[in-house]
Amino acid sequence: MEKIITEGIIKSYMDDLLKNIEVDVVIVGAGPSGLVCGYFLTKNGVKSIIFERNLKIGGGMPGGGMMFNKIVVQEEAMEILKEFKIRYKKFKEKYYILDAIETISGITYKTIREGVKIFNLINVEDVVIRDEKISGVVINWTSASIAKFHVDPLSIISKYVVDATGHDCEICKIVEKKVGGIKVMGEKSMWAEKGEKEIVENTKEIYPGLIVCGMAANAFFGSPRMGAIFGGMFLSGKKASEIIIKSIK
Ligand code: 48F
């Protein structure tokens with residue numbers, strides 16, 4: 001039996017990896033914005049995969065606000081949550097309360113079933129660059145990065161890379177440092193209304209082949225954080241997908 005378990009796991013994982021060496025879009029980060037982006041891309045026929053360095057999926061969502069695992073979503077984003085069939089309760093005018101775990105689990109499940117392959121425990125440590133365009137990512141096991149082992153990485157080729165890495169906007173910082181031509185402004189202190197408004201405007205292609213979405217978009221453009229209100233994350237993920245769909249199709 002042990003042999004069957006081992007063979008089954010290794011073969012099916014390697015099959016998945018081999019099928020995804022070249023894709024339309026690599027999304028970095030399986031938080032709410034990255035998941036929503038992947039869902040809408042794949043639903044519209046754009047092959048996309050997600051690399052997540054953590055063991056768990058969901059980024060900052062399961063923690064809710066200060067570990068009270070609830071989130072707030074505003075009216076404008078509720079259409080997206082209805083698409084994922086997440087339950088909600090109206091709280092005040094135009095604001096809804098949702099269970100953080102149900103929301104992230106529901107979004108994750110539907111995103112995977114739509115066809116997005118999520119690889120967890122893999123860290124994106126660099127980008128592939130060709131002719132001044134971001135053309136893929138450089139990956140390694142998270143465990144190798146944590147242990148600081150010198151293990152050479154592998155690469156995945158793509159038409160677009162989406163930085164959905166949250167507050168640290170890691171891919172933008174890598175491009176700023178190694179490629180040049182962009183400047184990371186860094187996120188500003190809490191201002192929910194401004195942060196939520198600007199996150200959608202900030203979702204754009206910031207370097208050829210690199211789209212920024214979710215909290216990374218606000219961190220890149222120097223906009224504020226907003227705490228446990230998540231409508232902007234969903235709207236930003238969807239907008240990132242629309243930018244790519246328009247360009248690819
Ligand atoms: O932080 P995260 O949830 O980003 P988001 O989708 O949502 C932000 C909210 O959760 C919250 C907020 C709402 O008010 O501000 O913070 O913008 O998810 C980012 C994911 O990216 C992973 C990280 O582990 C997390 O799960 N990640 C970050 N850097 C890398 C990465 C990397 N270099 N390689 C792979 N995954």
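The following legends describe an overall view and close-up views of a predicted model.

**Figure 1. Overall view of the protein chain, with nine helices and 11 strands.** In this predicted model, local features need pLDDT of at least 70 and side-chain atom pairs count only at pLDDT 80 or more, whereas totals for chains, interfaces and linings use all residues. Residues are numbered from 1 along each chain as its sequence is written, and side-chain values use heavy atoms, with hydrogens and water left out. Helices (H or I, at least four residues) and strands (E, at least two) are DSSP runs, numbered from the N terminus. The radius of gyration of the chain is 18 Å, close to the 18 Å given by the globule rule for 249 residues, so the chain is as compact as a globular protein of that length; the radius is taken over C-alpha atoms, and the rule is 2.2 Å times the number of residues to the power 0.38. The C-alpha trace spans about 55 × 50 × 40 Å along its principal axes. Of the 249 residues, 47% count as buried (under 20% relative accessible area, with exposed over 50% and partly exposed in between; 1.4 Å probe, protein chains only).

**Figure 2. Close-up of helix α2, residues 32–43.** At 1.5 Å a residue, the 12 residues of α2 should span 16 Å, and the end C-alpha atoms are 17 Å apart, which agrees; the expected span is 1.5 Å times one less than the number of residues. Helix α2 is mostly covered, with 11 of its 12 residues buried. Among them are P32, L35, Y39 and F40. G45, which follows α2, has a positive phi near 80 degrees.

**Figure 3. Close-up of helix α6, residues 170–178.** The buried residues of α6 are I171, C172, I174 and V175. Seen down the axis of α6, these buried residues fall within an arc of 160 degrees, so they line one face of the helix; the arc is that of the directions from the helix axis to the C-beta atoms. Just after α6, G180 takes a positive phi of about 85 degrees.

**Figure 4. Close-up of strand β8 (residues 133–141) and its pairing with β7 and β9.** Strand β8 is mostly covered: seven of its nine residues are buried. Strand β7 (residues 122–130) pairs with β8 in the antiparallel sense over eight bridges, where pairing requires that DSSP find at least two bridges between the strands. V127 stands opposite V137 of β8. Two residues lie between the strands of the β7 and β8 hairpin, in which D131 takes a positive phi near 50 degrees. Strand β9 (residues 154–163) also pairs with β8 in the antiparallel sense, over four bridges, and L154 in β9 is the bridge partner of I139.
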